Amino acid sequence: MTAGAPSHELFWFASRALGVVAFAMLGVTVSVGLSIAGRLTHRPGIAPKLRRFHETAALVTLGLIAGHAGLLLGDRYLHPGLTGITIPFAMHYRPQFTGLGIIAGWLAAILGLSFYVRRRIGPKLWRFLHRFTVAVYLLAIVHVLGAGTDAHSPWMLATVTGLTMPVVFAFTHRMLSGFERRTPSRA
Amino acid sequence: MTDRTRPTATSKRQSRRRSLYRHVLSLAVAAIVAAWLPFSVMYVSAVHRPPAPVATLSGPSHGATRLVTTASGATKVVSASANGSRGARAPATAPLTAPVSTHAS
């Protein structure tokens, strides 16, 4: 920001702030989801609590993503329009990275809300679809680092790293335990 | 799967060890990614960073010039107006009328 009154960029600042919080919430949601699936904790009674938190956090994340995109409509510099915030690669500002962010947002909405129609689509298909939530997180990282104006600042790098570490840990744990379950023990 | 229904000390120990391996391996992968992520971002931004101006010289013979440190570490003198950088000042007859908003910060 080289010049211009801060009041002119209220929507821009608010959108960026919501984007950072949405990314943080997404990281927490995905980490918790992976730890449930990978059975990271065996404490009795913790699984239902974690599941409830996972569901609530996912809904909050979706709201934050909607707010992050919706607030851009008020920004006079970007002026993306409804097309720019809903159709991937249509926005003129860093189109590849904002496009990946839009794809991540849509995927998060579809994969997250599919939980409420899992009986209709079948739990097997839902579980298969829900695995792709990790892709949402990967796309979000690319979006944050590519389109985020704070992407290279130390605090943002620390946030991305701090959120990614538990996701990678839980994902690796989940993969290893899944692999062990598929491979019968020879002992 | 008779081991599951009647866990012996050996199978318990084995499963605990397997769980420990899983945790250690997962942590190691997470640590590698945690180190790689900021490193790669900093490296890419350092590679794409434009050379920083070190000092500005001005004189009657060569006008406005700048000392620029190149990526290789060498320092060279360049004309500020020739490369169209931010270092070149706008002419006094063309005042800035509208605030510039670049969303650069």
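Two residues are in contact here if their C-beta atoms, placed from the backbone, lie within 7 Å. With that in hand, chain B can be introduced: among its contacts between residues at least 6 apart in sequence, 3% join residues at least 24 apart. Please keep in mind that this is a predicted model. The points below start with chain B, then move to the helices of chain A and how they pack.

**Chain B at a glance**

- Chain B contains two helices and three strands, and along the sequence they come in the order α-α-β-β-β.
- Chain B has 105 residues, of which 6% count as buried.
- One residue to look at is B:Val29, in helix H2 of chain B, a helix covering residues 9–48.
- B:Val29 has 18 other C-beta atoms within 10 Å, and therefore ranks as partly exposed; the cut-off for buried is 20 or more.
- Setting aside residues up to four places away in sequence, B:Val29 touches A:Val168 and A:Thr172.

**Helix H2 of chain A**

- H2(A) takes in residues 46–72, 27 residues in total. From first C-alpha to last it reaches 39 Å, close to the 39 Å expected at 1.5 Å a residue.
- The buried residues of H2(A) are A:His54, A:Ala58, A:Thr61, A:Leu64, A:Ile65, A:His68, A:Ala69, A:Leu71 and A:Leu72.
- Their cover includes three helices of chain A: H1 (10–37), H3 (81–86) and H4 (95–113).

**A closer look at A:Leu50**

- A:Leu50 also belongs to helix H2 of chain A. Because A:Leu50 has 17 C-beta neighbours inside 10 Å, it counts as partly exposed.
- Beyond its neighbours within four places in sequence, A:Leu50 is in contact with A:Val32 and A:Ile36.
- A:Leu50 and A:Thr61 are 11 residues apart along the chain, and their C-alpha atoms are separated by 16 Å. A:Thr61 is one of the buried residues of H2(A).

**H4 against H7 in chain A**

- H4(A) packs with helix H7 of chain A (residues 133–147) at an angle of about 155°, and the axes are 8 Å apart.
- That angle is why H4(A) is described as roughly antiparallel to H7(A), the cut-off being over 145 degrees.
- The crossing of H4(A) past H7(A) is left-handed.
- On the H4(A) side, the contact residues are A:Gln96, A:Phe97, A:Thr98, A:Leu100, A:Gly101, A:Ile103, A:Ala104, A:Leu107, A:Ala108 and A:Leu111.
- On the H7(A) side, they are A:Thr133, A:Ala135, A:Val136, A:Leu139, A:Ala140, A:Val142, A:His143, A:Gly146 and A:Ala147.
- Sorted by class, this contact of H4(A) with H7(A) holds 13 nonpolar and six polar residues, with no charged ones.

**H1 against H7 in chain A**

- H1(A) and H7(A) cross at roughly 155°, and their axes come within 10 Å.
- H1(A) is therefore roughly antiparallel to H7(A), and the crossing is left-handed.
- H1(A) brings A:Phe23, A:Leu26, A:Gly27, A:Val30 and A:Gly33 to the contact, while H7(A) brings A:Thr133, A:Val134, A:Tyr137, A:Ala140 and A:Val144.
- The contact of H1(A) with H7(A) has seven nonpolar residues, three polar residues and no charged residues.
- A:Thr133 and A:Ala140 are worth picking out on H7(A): they take part in the contact with H4(A) and in the contact with H1(A).

Note on methods
Residues are numbered from 1 along each chain as its sequence is written. Chains are lettered from A and ligands numbered from 1 in the order in which they are written. This is a predicted model: local features need pLDDT of at least 70, side-chain atom pairs count only at pLDDT 80 or more; totals for chains, interfaces and linings use all residues. Helices (H or I, at least four residues) and strands (E, at least two) are DSSP runs, numbered from the N terminus. The expected span of a helix is 1.5 Å times one less than its number of residues. A residue is buried if 20 or more other C-beta atoms lie within 10 Å of its own, exposed if 12 or fewer, and partly exposed in between; C-beta atoms are placed from the backbone. Axes are lines fitted to C-alpha atoms, for helices over the stretch in contact, and angles run from 0 to 180 degrees between N-to-C directions. Angles under 35 degrees count as roughly parallel, over 145 as roughly antiparallel, 65 to 115 as roughly perpendicular and the rest as oblique. A crossing is left-handed if the near helix is turned anticlockwise from the far one by less than a right angle, and right-handed if clockwise. Ala, Val, Leu, Ile, Met, Phe, Trp, Tyr, Cys and Pro count as nonpolar, Asp, Glu, Lys and Arg as charged, and the others, Gly among them, as polar.
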